[in-house]
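Reader: I'm new to this one and don't know where to look. Please pick one spot, go through it slowly, and then show me what lies around it.

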Amino acid sequence: MKYETRKREEMIYLDNAATTVVDQQVWETMLPIYIEEYGNPSALYQFGSACEKKINEVRKIIASILHVDSANIYFSPGGTYANNLVLQGVLSRGGKGNIISAMTEHSSVYQTIQNYQEKKEVRMASVNSTGFIDSAEIASLIDENTLLVSIMHVNNELGTIQPIQEMGKTIKKANPKTLFHVDGIQGFGKVPIDLKRCKVDFYSMSGHKLHGPKGIGAVYIADPNALRKQWFGGNQEQGMFPGTENVAGIIGLGKAAEIAATTREQNWAHTDTLRSQLIRGIQDIEDHKINSPLENYSPFILNLGFKDIRAEVLLHMMDDEGFCISSGSACGKSKRSRVLESIGVPKDYIDGSIRISLSKYNKEEEIDQFIIALKDKVAEIRSIIRRGR
């Protein structure tokens, strides 16, 4: 059976922070698991134990990328599940305490924390105009009752890369018992990190952000005893995520992670070139704002704001021209961006902000076409809005 991707001539896809196309090599690696090697990893016979062996091989791949022990890698149904396990696993424990995070976190972190605010004190660190969090402020918020600090590695709307190593050292110095969770969903396979050196206790990952399949993720857990288990029904993944393992998904995640790790530098350079091309291309559009940082950024994400524009109108018009972009996180659809509000972007620019997220498959000629279309549609929308005033 041969897998054929949709012809890229039909569209120009620039929403890779939402999801990515599955690599051909990944799909080919997964296919035999569905039709030839479909045993249950928990079974005692060889047909099942062979699948268990494959799963453990993937643990080693991911562990080597993060510089940790493979026994501390647990597979989840996705990144949101991984974040929820960590947060609820810590916050559902009895007793008082507080948690520290920021308004710029992904909704799977932010909403989970808000759900516990009647039981635990929530302390939000401030962010600057490009989404950076000051490690010194984190330290000032920590006391003897701080249970957990949860910070995103790479912001999913801005591309801001937080100084995780500096934060980890600061957190443990302020209170060695405070646990450190990093949402690494937009960073894993793209931004190098050594979790032990960064003193990270939990690190969440997702397969479909790096050309792997949907419905699979992973989480690094330094000490499983630090968590209260949230789901029941089996001992798979040491009871953290009970139920028959998604073997094909795990194999796909492993292959995607392996490819990402071996091509990381060239992917970074390629997307950085495209990001710079985008920034140059919009310079002559009046009343524009670059919401993303120009230093310490992930080149895969660029957030732009345009005054006197409705982002949803622009998205639909660009879609009609064959371009796929977004106005922010897919989990925050139809809502004004909490992230952009947090960093102080003026309302006129928030309403007209779009996120362009790149991958290794995007090409310079696609960016040229996008810039031409963007200029045309921004001008068209503004002529209508300004004429109506």
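**A charged network and its surroundings**

Author: Let's start at Arg336, which counts as partly exposed, with a relative accessibility of 40%. Keep in mind as we go that this is a predicted model. Arg336 forms a salt bridge with Asp351, and the closest N and O atoms of the two are 3.0 Å apart. Find Arg336 in the loop between β11 (323-324) and α10 (338-342), and Asp351 in the loop between α11 (347-350) and β12 (353-357); the pair therefore ties together parts that are 15 residues apart in sequence. Asp351 counts as buried because its relative accessibility is 13%, and the cut-off for buried is under 20%. Now widen the view a little: salt bridges that share partners join Arg336 and Asp351 with Arg310, Glu312 and Lys347 into one network.

From Asp351, follow the chain into β12. This strand runs antiparallel to β10, and 5 bridges join the two. Look for Ser353 in β12, the bridge partner of Gly305. Gly305 also has Lys289 standing opposite. That takes us to β9 (residues 288-290), which is joined to β10 by 3 bridges, again running antiparallel.

So what covers the two faces of β10, or rather, which of its residues are buried on each side? Ile301, Asn303 and Gly305 are buried on one side, and Leu302, Leu304 and Phe306 are buried on the other. In short, 6 of the 6 residues in β10 (301-306) are buried.

Back to charges for a moment. Side chains of opposite charge can pair when their charged atoms come close. Across the whole structure, a search finds 17 salt bridges. One of them links Lys172 and Asp201, with the closest N and O atoms 2.7 Å apart. Lys172 sits in helix α6 (residues 164-174) and Asp201 in the loop between β6 and β7, so this pair ties together parts 29 residues apart in sequence. Both Lys172 and Asp201 are buried.

Asp69 and Lys196 make another salt bridge, where the closest N and O atoms are 3.4 Å apart. Asp69 lies in the loop between α2 and β2, while Lys196 lies in the loop between β6 and β7, so here the tied parts are 127 residues apart in sequence. Asp69 is partly exposed, at 42% relative accessible area, and Lys196 is partly exposed too, at 45%.

Those loops lead us to a sheet. Its 7 strands run in the order β2-β8-β7-β6-β5-β3-β4, and the sheet is open, with mixed pairing. β2 (73-76) and β4 (121-125) are the edge strands, each pairing on one side only. If you ignore direction, neighbouring strands of this sheet are turned by 20 degrees against each other on average. Inside the sheet, β3 (residues 98-102) and β5 (residues 146-152) run parallel and are joined by 3 bridges. Here Ile100 stands opposite Val149 in β5. Helix α3 (residues 79-91) lies across several of the strands, including β2, β3 and β5, and runs at about 155 degrees to β7.

One last stop, out on the surface: Tyr38, Tyr45 and Phe47 form a nonpolar patch with about 370 Å² of accessible area together. Tyr38 belongs to the loop between α1 (24-35) and α2 (46-66), and is exposed, with a relative accessible area of 56%.

Terms used: Residues numbered from 1 in each chain as written. Predicted model: local features only at pLDDT ≥ 70, side-chain atom pairs only at ≥ 80, totals over all residues. Heavy atoms only, no water. Pairing = 2+ DSSP bridges. Helix = DSSP H or I, 4+ residues; strand = E, 2+ residues; numbered from the N terminus. Axes fitted to C-alpha atoms, helices over the stretch in contact; angles between N-to-C directions. Contact = heavy atoms within 4.5 Å. Patch = residues over 30% accessible without salt bridge, like charges linked within 9 Å, V, L, I, M, F, W, Y side chains within 5 Å. Areas by Shrake-Rupley, 256 points an atom, 1.4 Å probe, with all protein chains shown as cover. Salt bridge = Lys/Arg side-chain N within 4 Å of Asp/Glu carboxyl O. Buried < 20%, exposed > 50% of the residue type's maximum accessible area, 1.4 Å probe, protein only.
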